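Visitor: Could you take me on a close look at the aromatic side chains here, and at how their rings sit against one another?

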Amino acid sequence: IAMPGMRDEQFYKTVIYICAHTDDGAMGLVLNQVIKGLSFPSLLEQLGIEEGANGRAVPIHFGGPVEAGRGFVLHTDDYQQDATLEVDGGVSLTATVDVLKAVARGRGPKQSLLALGYAGWGPGQLDGEIMEGSWLPMNFDHQLVFETPPAERWDAAYLALGVDPALVGRHNIA
């Protein structure tokens, strides 16, 4: 969770789900910034995918500034394919056109979040930013990720931790 004093506008008041964190770096998806002006049907049309009658309205999130044209679907683990990465706690990540086709036809994962782009950190960078006080780590919360409206996720994350963001130190964070 971005600390209240985060100065980087791309990450101000963001909640990021970390999908991978190794010695080589970290990768995550911003969970609470929906891209305005881009709809799921228009994305499907651009990709040449027909939307089925069972498809559902899917908001498209700004996943982060890295590879902004690349799509990622963070989802419950009830949907799997060869290219699916099992992340943790019943959550998987798939970055193929096939998962978009499945979602469009109502045959995708029970719950999902579609993001364009991702947030990335080099070796040790995320750990350093946490130590500097830029980020407040928290454990996975299914309801926060898949059920809380995106605009409410930052406040809800702090509430889930029992922390009032107004009382957290507001020092300048790079």
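Guide: Let's start with W154 and Y158, which are both buried in this predicted model. Their rings make an edge-to-face pair, with 4.9 Å from centre to centre and 65° between the planes. Both residues belong to helix α5 (residues 153-161), and because they are 4 residues apart there, about one helical turn separates them. That fits a familiar rule: an α-helix has 3.6 residues a turn, so residues three or four places apart point the same way.

This pair has company, as the structure holds 5 aromatic pairs in total. Another of them joins F72 and Y118: the ring centres are 5.6 Å apart and the planes stand at 80°, which is over 60°, so this pair too counts as edge-to-face. Here the partners come from separate strands, F72 from β4 (residues 66-76) and Y118 from β7 (residues 112-121), so the contact between rings ties together parts 46 residues apart in sequence. F72 and Y118 are both buried. Elsewhere, F11, W121 and W135 are linked into a cluster by ring pairs.

The strands β4 and β7 also turn up around a neighbouring topic, helix α2. They are among the elements that cover the buried residues of α2, along with α1 (40-47) and β6 (91-94). Those buried residues are V99, L100, A102, V103 and A104, within a helix that spans residues 97-104. After α2 comes G106, which has a positive phi near 75°.

Technical notes
Residues are numbered from 1 along each chain as its sequence is written. This is a predicted model: local features need pLDDT of at least 70, side-chain atom pairs count only at pLDDT 80 or more; totals for chains, interfaces and linings use all residues. Side-chain values use heavy atoms; hydrogens and water are left out. Rings of Phe, Tyr and Trp (its six-membered ring) pair if their centres lie within 6.5 Å; planes under 30 degrees apart count as stacked, over 60 as edge-to-face and the rest as tilted. Helices (H or I, at least four residues) and strands (E, at least two) are DSSP runs, numbered from the N terminus. Buried means under 20% relative accessible area, exposed over 50%, partly exposed in between (1.4 Å probe, protein chains only). Contact means heavy atoms within 4.5 Å.
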